[in-house]
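Reader: Hi! Could you take me through a close look at the pockets here, and at the loop residues with unusual backbone angles?

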Amino acid sequence: MVDIQEQLPPVLYPTPDGKLRRHHFDYRFTLLCGTRLAVAVKPSASAERHQLLDELKLIAPHMPIELADGVLLMTEKDVPKDLVANATFLHHAKRESNPEHDEIVRAIVSEGTVMTIGSVVARSGLEGAAFRTIGRLIGRQEIDVLDDGIYDYPTRIQSAAARTEVLAA
């Protein structure tokens with residue numbers, strides 16, 4: 001994939017009973033080959049309940065060529081479980097706000113060394129609050145995650161600023 005766009009204009013399409021409806025796609029993915037896909041992202045239960053795949057089949061023939069070449073439905077079943085778990089964690093972590101905790105964790109990771117989430121939690125003395133703070137700072141791109149998989153205590157992290165300095169050198 002080379003590009004992702006959001007906030008696409010709605011697509012108008014006729015329903016089988018002759019009514020004109022509009023659908024708003026969540027994203028447009030442009031692939032390396034140049035193909036552009038209008039993407040609907042929904043939880044699988046919702047997509048099934050609302051028969052979204054059938055709706056997308058109705059929409060596809062009416063897709064303006066300047067908007068996309070095709071349509072795609074994505075659910076959590078199409079994404080690796082680790083990615084879904086991490087995205088859920090980051091989503092919940094950003095709901096909290098504690099500038100004092102943010103500063104404590106920033107000070108620890110600003111040393112620039114590679115650390116584990118567990119070691120930062122232990123050094124901070126904040127217990128679970130530190131874990132959520134790390135999630136918040138990952139979401140703000142202040143901390144880089146160096147390992148694949150679900151974010152957990154053994155996961156290696158580093159200050160994004162420190163990692164940028166190393167890559168620039």
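Author: Happily! Helices (H or I, at least four residues) and strands (E, at least two) are DSSP runs, numbered from the N terminus. The model is predicted, with pLDDT of at least 70 needed for local features and 80 or more for side-chain atom pairs, while totals for chains, interfaces and linings use all residues. Numbering starts from 1 along each chain, and side-chain values use heavy atoms, without hydrogens and water.

The loop between α6 (128–139) and β8 (143–145) holds Q141, whose phi is near 65°, positive although the residue is not glycine. Q51 also has a positive phi, near 50°, and sits in the loop between α1 (44–49) and α2 (52–59).

Now the largest pocket (an open set of points on a 1 Å grid where a 1.4 Å probe fits, with protein on both sides within 12 Å along at least five of seven lines). Its volume, the space filled by probe spheres set on the points, is about 480 Å³. Of its 17 lining residues (an atom within 4 Å of a point), V41, M74, V79, L83 and A87 are closest to the centre. Two or more lining residues come from each of β4 (27–30) and α3 (81–93), and α3 gives the largest share, six. The lining has 11 nonpolar, four polar and two charged residues (Ala, Val, Leu, Ile, Met, Phe, Trp, Tyr, Cys and Pro are nonpolar; Asp, Glu, Lys and Arg charged; the others polar).

The second largest pocket has a volume of about 150 Å³. L83, N86, A87, L90, D147, D148, G149 and Y151 line that second pocket: four nonpolar, two polar and two charged.
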